[in-house]
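Here is a short report to read alongside the sequence and the model. Please keep both in view as you go.

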Amino acid sequence: MVYRRTAAVQERLDAARSRIVTAALSLVAERGYAACSMADVAARAGIGVGTVYRYFPGKGELFAEVFRDACSREVAAATAAGVRAAGAGTHTDSLLASVRTFCDRACRAPTLAYALLAEPIDALVDTERLAFRQSFADAFAAAIRAAVDAGELPDQDASLTAACIVGAIGEALVVPLARGDADARILTALETFTLRALGAPTDRRPS
């Protein structure tokens, strides 16, 4: 007879896995990826190192899941901000709100943001980083297409513009994040840059 886990057993396993990922995420946010070990994660989660390895064969597998979780939260936050702005304004306002939210969250959590954007990391995590950038670019591209269709922006390759904006924002933030001196002053400049990249009047930037 094939053994099947009961719902209660599966719930305990899922809870333990979630606790490990949450502990690892909190450590990355505090120290960055390089300073986190599997033993550190186990200690933070309050479990044995062997238990961590039971769920994740190595650091790459664990932190790939950590990054997947963190990236999905960042994309969701930026997307939600864009949806709220679209409800009260234009598609261009929506895109700016997403950019502003992404940059603001990065400035408020510089260690985590640097890890997500640029810290040298395991190849498995780099795959998640690429997916992270692509998710943002896809969200931005959708807003750009809507703005073009509405006559707010000139005709353009929305996917290419979005990829350029994502890349430029990452480059603009990476050094301040690495130094730990990223602050809200960067937001105004990045909003203006985004409007110029889109071909929109810069006086549309919200105050």
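## Gly-82 and its neighbours

Gly-82 has its place in helix 4, which covers residues 59-88. This model is a predicted one, and in it Gly-82 has a relative accessible area of 3%. That value is under 20%, so Gly-82 counts as buried. Leaving aside residues up to four places away in sequence, Gly-82 touches Ser-94, Ala-97 and Ser-98. Its C-alpha atom is also 7.5 Å from that of Asp-93, a residue eleven places away along the chain.

It is worth looking at the contact with Ser-94 from the other side as well. Ser-94 lies in helix 5, and its relative accessibility of 11% makes it a buried residue. Besides Gly-82, the residues that Ser-94 touches are Val-83, Ala-85 and Ala-86, again not counting those up to four places away in sequence.

## A glycine in a loop

Where does Gly-48 sit? You will find Gly-48 in the loop between helix 2 (38-45) and helix 3 (49-55). With a relative accessible area of 36%, Gly-48 is partly exposed, whereas Gly-82 is buried. The value for Gly-48 falls between the 20% and 50% cut-offs, which means that neither "buried" nor "exposed" applies. From Gly-48 to Met-38 there are ten residues in sequence and 9.8 Å in space, taken from C-alpha to C-alpha.

## The aromatic cluster

Now to the rings. The structure holds five aromatic pairs. In one of them, Phe-102 and Phe-136 have ring centres 4.7 Å apart and planes at 65°, so this pair is edge-to-face. The two partners come from distant parts of the chain: Phe-102 belongs to helix 5 (residues 91-108) and Phe-136 to helix 7 (residues 123-149), with their positions 34 residues apart in sequence. Both Phe-102 and Phe-136 are buried. Phe-136 also pairs with Phe-132, and here the centres are 5.1 Å apart with the planes at 75°, so this pair is edge-to-face too. The planes of Phe-132 and Phe-136 meet at an angle over 60 degrees, which is why the label fits.

How far apart along helix 7 are Phe-132 and Phe-136? They are four residues apart, so about one helical turn separates them. Their relative accessible areas are 3% for Phe-132 and 4% for Phe-136, and both residues count as buried because these values are under 20%. Taken together, ring pairs join Phe-102, Phe-132, Phe-136 and Phe-140 into a cluster.

## Around Phe-132

Phe-132, in helix 7, has contacts beyond its ring partners. Not counting residues up to four places away in sequence, Phe-132 touches Cys-71, Glu-74, Val-75, Phe-102, Leu-116 and Leu-117. Phe-102, then, is both a contact of Phe-132 and a member of the cluster that includes Phe-132. For a wider view, compare Phe-132 with Ile-169: the two are 37 residues apart along the chain, and their C-alpha atoms are separated by 13 Å.

## A lysine over two rings

Which rings does Lys-59 lie over? One belongs to Tyr-33, where the charged end of Lys-59 sits over the ring at 4.2 Å from its centre. The other belongs to Phe-63, with Lys-59 over its face at 5.7 Å from the ring centre.

## The protein as a whole

Stepping back, the protein has nine helices and zero strands. Read from the N terminus, its elements run α-α-α-α-α-α-α-α-α. The C-alpha trace spans about 65 × 45 × 25 Å along its principal axes. Of the 207 residues, 44% count as buried, with Gly-82 and Ser-94 among them. Of the contacts between residues at least 6 apart in sequence, 64% join residues at least 24 apart; the contact of Phe-132 with Cys-71 is one you can look up in the model.

As for the surface, the accessible area comes to about 10,500 Å², and carbon and sulfur atoms account for 55% of it. The charged side chains number 23 positive and 24 negative, and the centres of these two sets lie 6 Å apart.

How values were computed:
Residues are numbered from 1 along each chain as its sequence is written. This is a predicted model: local features need pLDDT of at least 70, side-chain atom pairs count only at pLDDT 80 or more; totals for chains, interfaces and linings use all residues. Side-chain values use heavy atoms; hydrogens and water are left out. Helices (H or I, at least four residues) and strands (E, at least two) are DSSP runs, numbered from the N terminus. Buried means under 20% relative accessible area, exposed over 50%, partly exposed in between (1.4 Å probe, protein chains only). Contact means heavy atoms within 4.5 Å. Accessible areas come from the Shrake-Rupley method with a 1.4 Å probe; for residues, only the protein chains shown count as cover. Lys and Arg count as positive and Asp and Glu as negative; His and the chain ends are not counted. The place of a charge is taken as NZ of Lys, CZ of Arg, CG of Asp or CD of Glu. Rings of Phe, Tyr and Trp (its six-membered ring) pair if their centres lie within 6.5 Å; planes under 30 degrees apart count as stacked, over 60 as edge-to-face and the rest as tilted. A charge sits over a ring if NZ of Lys or CZ of Arg is within 6 Å of the ring centre and within 35 degrees of the ring normal.
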